[in-house]
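Colleague: Could you take one part of this model and describe it closely, working outwards to whatever adjoins it? Please give the cut-off for each term as it arises.

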Amino acid sequence: AKIIIASPVKGKAISLSEVNDPTFSECMLGKGAAVIPSEGNIYAPADGEISLLFDTLHAVSLTTTEGVEILVHVGLDTVALKGQGFTSHVATGDKVKKGDLLLTADLEAIKAAGYETVTPVVICNTDDYADVEAINLSEVNPGDDVIRITIKK
């Protein structure tokens with residue numbers, strides 16, 4: 001059986017290995033994909049619950065109804081912005097549906113501050129699954145399939 005995770009943002013999907021940060025490119029947090037965003041609205045990639053909205057609003061963790069733990073991390077080292085340029089539309093503990101607006105990021109402000117906006121989407125419990133692979137590495141819209149998870153037999 002497979003679980004499909006959607007892109008949280010409009011842009012170009014790339015492999016995590018292309019992300020300019022070893023934490024993501026070497027899959028230290030888990031496998032997944034990344035999107036170079038062309039707009040700043042970040043949507044829920046699946047149905048589930050917000051397990052953690054970081055105080056700095058640059059990242060959100062979501063646990064899907066199937067138990068997949070997803071980290072959506074907007075930009076690289078953007079924790080240093082301390083929330084500047086980010087607006088949250090959800091709180092920790094909120095139930096969300098795929099496509100619900102989670103965060104808004106001011107991409108221009110993030111770039112102006114010297115940070116990359118590439119947005120890794122990481123499956124933090126990768127080890128619970130037989131395989132986690134990036135699919136559809138091209139221009140994507142929010143809701144398009146970008147990660148395929150194979151459940152262990």
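Modeller: Strands here are DSSP runs of E of at least two residues, helices are runs of H or I of at least four, and both are numbered from the N terminus. The model is predicted, so local features are reported only at pLDDT of at least 70 and side-chain atom pairs only at pLDDT 80 or more, whereas totals for chains, interfaces and linings use all residues. Residues are numbered from 1 along each chain as its sequence is written, and side-chain values use heavy atoms, with hydrogens and water left out.

I have chosen strand β6 and its surroundings. Of the 6 residues of β6, 5 are buried, so the strand is largely enclosed by the rest of the structure; buried means under 20% relative accessible area, exposed over 50%, and partly exposed in between, with a 1.4 Å probe and protein chains only. S61 belongs to this strand, which spans residues 59-64, and counts as buried at 16% relative accessibility. Its contacts, taken as heavy atoms within 4.5 Å, are with E49, I50, S51, L52, F54, I70 and L71, leaving aside neighbours within four places in sequence.

On one side, β6 is joined to β5 by 5 bridges, and the two run antiparallel; two strands pair if DSSP finds at least two bridges between them. In this ladder, I50 has L62 of β6 as its bridge partner. The hairpin of β5 and β6 has 5 residues between the strands, and L57 there takes a positive phi near 60°. Most residues other than glycine have a negative phi.

H58 also lies in the loop between β5 (48-53) and β6, and it counts as buried at 4% relative accessibility. Two polar contacts involve its side chain, a polar contact being a pair of N or O atoms within 3.5 Å; within protein, one must be able to donate a hydrogen and the other to accept it, and residues adjacent in sequence count only if both atoms are side-chain atoms. One links the side chains of H58 and T56 at 2.7 Å, and the other links H58 to the side chain of H73 at 3.4 Å. Not counting residues up to four places away in sequence, H58 touches V72, H73, V74, T78, V79 and F86.

With β7, β6 likewise shares 5 bridges in an antiparallel arrangement, and V60 stands opposite V72 of β7. These two strands form a hairpin with 4 residues between them, and G67 in the turn has a positive phi of about 95°. Further along, D77 is found in the loop between β7 (69-73) and β8 (86-88), and its phi is near 60°, a positive value in a residue other than glycine.

I70 leads from this region into the nonpolar interior. Its contacts are I5, P45, A46, V60, S61, L62, T64, V121, V122 and I123, again not counting residues up to four places away in sequence. The largest nonpolar core has 35 residues, of which I5, I70, I123, I147 and I149 touch the most other members; such a core is a set of buried Ala, Val, Leu, Ile, Met, Phe, Trp, Tyr and Cys residues joined through side-chain atoms within 4.5 Å. A second, separate core of 10 residues includes L16, F24, A59 and V122.

The wider sheet may now be set out. It is open, with 8 strands in the order β9-β5-β6-β7-β11-β3-β2-β13 and antiparallel pairing. Strands β9 (95-96) and β13 stand at its edges, each with a single partner strand, so one side of each is left without a neighbour in the sheet. Within the sheet, β3 is joined to β11 (residues 119-123) by 5 bridges, with T119 the partner of V35. Strand β3 (residues 31-37) is also largely enclosed by the rest of the structure, because 5 of its 7 residues are buried. Another 5 bridges join β3 to β2 (residues 11-15), among them the one that pairs K12 with I36. From β2, 2 bridges lead to β13, where V140 stands opposite G11.

A further open sheet has 3 strands in the order β1-β14-β12, with antiparallel pairing. Between β12 and β14 (residues 145-150) there are 4 bridges, and V132 has I149 of β14 as its partner. Finally, N136 is found in the loop between β12 (131-134) and β13 (139-140). Its phi is near 60°, a positive value in a residue other than glycine, and at 37% relative accessibility N136 counts as partly exposed.
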